[in-house]
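Subject: Structure handover

Hello,

Here is the structure I promised to pass on. My notes follow below it.

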Amino acid sequence: MLEARRLAIIVTLKCTLKCKLCCNCITMYDNPPIIDKKSIFEDIKGAFEIYDRIEWLQFVGGELFMHPDLHEILEEAIRYKNQFDKIILM
């Protein structure tokens with residue numbers, strides 16, 4: 001059985017803040033991307049094809065609440081609820 005402690009999936013690099021010490025260097029982007037939901041769905045599916053269990057499934061950004069399809073992304077992740085312990089939104 002292959003397990004991962006944490007897996008982070010980036011959903012967007014868009015952010016309304018201009019933090020000088022941004023850990024994702026968001027301020028360096030002129031037009032930060034929003035990742036297509038189909039690509040994110042493929043990433044989620046691919047993760048659970050590799051790992052039998054993931055302790056924390058993290059969704060990160062920029063400001064992930066700026067993604068217009070975040071609710072659909074989370075619904076897709078919930079389909080795998082028997083394979084992870086927590087969803088973390090960062």
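How many salt bridges does the structure hold? There are four. Please keep in mind that this is a predicted model. I take three of the salt bridges one by one, then turn to the sheet and the helices.

**Salt bridges**

Start with Lys37 and Glu72. Their side chains form a salt bridge, 2.6 Å from N to O. Lys37 sits in helix 1 (residues 37–50) and Glu72 in helix 2 (residues 70–78), so this pair ties together parts that are 35 residues apart in sequence. Are the two residues buried, exposed or partly exposed? Lys37 is partly exposed, at 22% relative accessibility. Glu72 is also partly exposed, with a relative accessible area of 25%.

Next, Glu49 and Lys45. Here the side chains meet at 3.9 Å, N to O. The cut-off for a salt bridge is 4 Å, and the pair counts because its distance is within that limit. Both residues belong to helix 1. They are four residues apart, about one turn of the helix. In an α-helix, residues three or four places apart point the same way, because there are 3.6 residues a turn. Glu49 is exposed, with a relative accessible area of 58%. Lys45 is partly exposed, at 45%.

Then Arg79 and Glu76. This salt bridge spans 2.7 Å, N to O. Which partner is buried and which is exposed? Arg79 is exposed, at 60% relative accessibility. Glu76 is buried, at 13%. The limit for buried is under 20%, so Glu76 falls in that class.

**The sheet**

Three strands make an open sheet. What is their order? The order is 1-2-3, and the pairing is parallel. Strand 1 and strand 3 are the edge strands, each pairing on one side only. From one strand to the next, the twist averages 15°.

Now the pairings. Strand 1 (residues 3–12) and strand 2 (residues 53–61) run parallel and are joined by eight bridges. Within that pairing, Ala4 stands opposite Ile54 of strand 2. Strand 2 also pairs in parallel with strand 3 (residues 84–89), through five bridges. Leu57 has Ile87 of strand 3 as its bridge partner. Phe59 stands opposite Leu89, also in strand 3.

One residue of strand 2 deserves a look: Gln58. Is Gln58 buried or exposed? Gln58 is buried, at 9% relative accessibility. What is Gln58 in contact with, leaving aside its neighbours within four places in sequence? The contacts are Arg6, Leu7, Ala8, Ile9, Ile88 and Met90.

**Helices against the sheet**

Strand 2, helix 2 and strand 3 form a β-α-β unit. The unit is right-handed. Helix 2 lies across strand 1, strand 2 and strand 3. Helix 2 runs at about 170° to strand 3. Helix 1 also lies across strand 1, strand 2 and strand 3. Its angle to strand 1 is about 175°.

Which residues of helix 2 are buried? They are Leu70, Ile73, Glu76 and Ala77. These residues cover an arc of only 120° around the axis, which puts them on the same side of helix 2. What do they pack against? Their partners are strand 1, helix 1, strand 2 and strand 3. Glu76 thus appears twice in these notes: as a buried residue of helix 2 and as the salt-bridge partner of Arg79.

**A loop residue**

Last, Pro68. This residue lies in the loop between strand 2 and helix 2. Pro68 is exposed, at 56% relative accessibility. How far apart are Pro68 and Lys38? In sequence they are separated by 30 residues. In space the distance is 13 Å, C-alpha to C-alpha.

**Where to look**

If you open the model, begin with Lys37 and Glu72, the salt bridge that ties helix 1 to helix 2. Then follow the strand order 1-2-3 across the sheet. Finish on the buried side of helix 2, with Leu70, Ile73, Glu76 and Ala77.

Best wishes

How values were computed. Residues numbered from 1 in each chain as written. Predicted model: local features only at pLDDT ≥ 70, side-chain atom pairs only at ≥ 80, totals over all residues. Heavy atoms only, no water. Helix = DSSP H or I, 4+ residues; strand = E, 2+ residues; numbered from the N terminus. Buried < 20%, exposed > 50% of the residue type's maximum accessible area, 1.4 Å probe, protein only. Pairing = 2+ DSSP bridges. Right-handed = clockwise from strand over helix to strand, strands pointing away. Axes fitted to C-alpha atoms, helices over the stretch in contact; angles between N-to-C directions. Contact = heavy atoms within 4.5 Å. Arc of directions from axis to C-beta.
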